[in-house]
Amino acid sequence: MTNPQDDQDTQAPHPTPEAPPPGCPAHAARLYGPDFRRRPTETYQRIRHDSGQVAPVLLEGDIDAWFVLGYRETRQVLSDVETFGRDPRRWNGWDSVPPDWPLMPWVAYSPMLAFTEGEEHRQRAAAVSEALATIDPFVLRGHCERFADQLIDKFAVSGKADLVYDYIYSVPTLATAELFGLSDDEAGLEALAGGLTVSFLSNEEAIAGQQQVAAYVAELVKAKHEAPGPDLTSQFILNTPDLTEEQQTADLMVLMAAALPLTSYWIGNTLRLMLTDERFAMTLSGNRRSIGEAMNEVLWADSPLQNLIGRYATRDTALGGRRIRTGDLVVLGLAAANADPLLWPDTPVGHGGNHSHVSFSGGDYGCPVGGPETARIIAETAIEVLLDRVPDLTLAVAPDELRWADSFWYRCLESLPVTFSPTAVTAG
């Protein structure tokens with residue numbers, strides 16, 4: 001199938017129609033290292049200025065890739081699944097990838113939903129959406145309110161907390177356990193949350209983290225086959241009788257990765273914004289609209305999901321004035337696309353009620369129907385309850401002292417220390 005956009009003149013800040021091959025040291029920026037971790041936004045701006053809306057880059061270990069920064073170009077890749085496929089076995093760069101590559105867990109082919117294509121993908125994605133449709137949003141909100149209150153009770157009397165360790169991860173973890181029918185064993189839940197988190201880090205722990213999660217979810221699938229219950233896991237198994245347990249395990253891992261780390265980071269980045277930006281700090285107590293606005297602002301300006309790997313060109317094509325060759329790896333810079341200056345020529349306008357960001361990806365491989373709404377309920381409830389219980393929440397360090405996790409994929413805090421007026425916990 002041909003792509004009609006290939007025949008059109010694509011606009012790019014640099015007129016050169018063809019760049020040197022990805023990975024050429026003289027032209028490729030590095031999307032890793034201390035400078036990138038500290039200042040990803042500045043890195044994206046520099047790459048766009050130097051190389052345009054589609055740029056050659058080097059991933060961890062100096063692995064070649066194309067990086068898509070333009071909003072229009074990102075939408076093009078997301079919508080054109082015929083030209084930009086998801087099966088990583090097409091990648092022409094495998095010969096240069098070491099087996100312990102930190103990004104390997106989510107690039108190496110496996111039987112998960114994200115790597116399927118065509119009718120198989122549509123059927124498996126529909127099964128996920130059907131399972132998510134069984135979630136009652138009011139019941140979920142009630143569970144999250146209860147979890148939030150229980151967690152706040154543990155630190156309310158002290159007048160201080162590190163929200164990352166004491167709250168931000170814990171609410172989505174407990175919600176995930178409730179949704180997926182997990183055991184309430186605290187050690188097991190911590191192992192699951194920890195494994196999912198490190199699988200998205202850019203270090204040697206990533207592979208071990210994914211293997212730990214796979215073993216945990218495989219046991220869960222086996223248990224639900226033997227004794228199903230009123231939970232998302234059992235419903236998904238019921239919807240997919242033709243899938244093997246290995247395939248069901250892989251698809252549930254994808255769902256959990258969205259339900260747990262991504263939602264946690266959405267909570268953390270929103271709280272950071274509300275604690276450091278006077279537009280939101282003035283309305284911390286009582287103004288429910290400000291919470292929704294802050295959450296939307298984060299999806300545009302500080303997206304929890306920063307980059308998405310990968311798409312693999314099924315044929316020679318053109319994108320953003322660049323010549324993409326068959327088998328080339330394409331990385332979608334979702335955060336960079338959201339900040340595309342061509343999309344926001346008038347910066348002071350702000351994001352308002354605009355929800356056309358790409359923070360949940362898009363197209364056939366975007367978050368399944370029901371996924372973003374489920375994450376929003378968990379995140380919004382966690383933030384609302386916290387600000388109700390401790391309305392004078394104050395950041396305990398200077399904003400520039402906050403540390404960010406070493407992840408190519410996600411934008412998330414390592415720590416969020418706060419202080420507030422101690423409050424007594426009333427039993428019952």
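Biologist: At what angle do helix H10 and helix H11 pack, and is the pair parallel, antiparallel, perpendicular or oblique?
Modeller: This is a predicted model. Helix H10 covers residues 232-239 and helix H11 covers residues 245-276. Their axes lie 11 Å apart, at an angle of about 135°. Roughly antiparallel needs an angle over 145, and roughly perpendicular runs from 65 to 115. H10 and H11 are therefore oblique to each other.

Biologist: Which hand does the crossing of H10 and H11 have?
Modeller: The two helices pack with their axes 11 Å apart. Where H10 passes H11, the crossing is right-handed.

Biologist: Which strands stand at the edges of the open sheet of 6 strands?
Modeller: The order in this sheet is E1-E2-E3-E9-E6-E4, and the pairing is mixed. Each edge strand has a single partner, so one of its sides is left without a neighbour in the sheet. Those edge strands are E1 (29-30) and E4 (84-85).

Biologist: Which residue in the turn between E2 and E3 has a positive phi?
Modeller: Strand E2 (residues 54-59) pairs with E3 in the antiparallel sense over 6 bridges. Leucine 58 stands opposite aspartate 64 in E3, and alanine 55 stands opposite phenylalanine 67. The two strands form a hairpin with 3 residues between them. The turn residue with a positive phi, about 80°, is glycine 61.

Biologist: In E9, what is the bridge partner of valine 68?
Modeller: Strand E3 spans residues 63-68, and 5 of its 6 residues are buried. E3 pairs with strand E9 (residues 329-333) in the parallel sense, over 3 bridges. The partner of valine 68 in E9 is leucine 332.

Biologist: Is aspartate 328 buried or exposed?
Modeller: Aspartate 328 sits in the loop between strand E8 (322-324) and E9. Its C-alpha atom is 5.5 Å from that of alanine 313, a residue 15 places away along the chain. Buried means under 20% relative accessible area. Aspartate 328 has 9%, so this residue is buried.

Biologist: In the open sheet of 3 strands, which residue stands opposite lysine 160?
Modeller: The order there is E5-E11-E10, with antiparallel pairing. Strands E5 (160-162) and E10 (394-395) stand at the edges with a single partner each, so one side of each has no neighbour in the sheet. E5 joins E11 (residues 417-419) through 3 bridges. Opposite lysine 160 in E11 stands threonine 419.

Biologist: Are the rings of phenylalanine 36 and tyrosine 44 stacked or edge-to-face?
Modeller: The whole structure holds 12 aromatic pairs. In this one the ring centres are 6.0 Å apart and the planes stand at 65°. Both phenylalanine 36 and tyrosine 44 are buried. Planes over 60 degrees apart count as edge-to-face, so the pair is edge-to-face.

Biologist: Which tyrosine belongs to one aromatic cluster with Trp91, Trp94 and Trp101?
Modeller: Here the three tryptophans Trp91, Trp94 and Trp101 group with one tyrosine. That tyrosine is Tyr312.

Biologist: The charged end of arginine 411 sits over which ring?
Modeller: Two arginines can be described together here. The charged end of arginine 89 sits over the ring of tyrosine 109, 3.7 Å from its centre. For arginine 411 the distance to the ring centre is 3.5 Å. That ring belongs to tryptophan 404.

Note on methods:
Residues numbered from 1 in each chain as written. Predicted model: local features only at pLDDT ≥ 70, side-chain atom pairs only at ≥ 80, totals over all residues. Heavy atoms only, no water. Pairing = 2+ DSSP bridges. Helix = DSSP H or I, 4+ residues; strand = E, 2+ residues; numbered from the N terminus. Buried < 20%, exposed > 50% of the residue type's maximum accessible area, 1.4 Å probe, protein only. Phe/Tyr/Trp six-rings, centres within 6.5 Å; stacked < 30°, edge-to-face > 60°. Lys NZ or Arg CZ within 6 Å of the ring centre and 35° of its normal. Axes fitted to C-alpha atoms, helices over the stretch in contact; angles between N-to-C directions. Parallel < 35°, antiparallel > 145°, perpendicular 65-115°, else oblique. Left-handed = near helix turned anticlockwise from the far one by under 90°.
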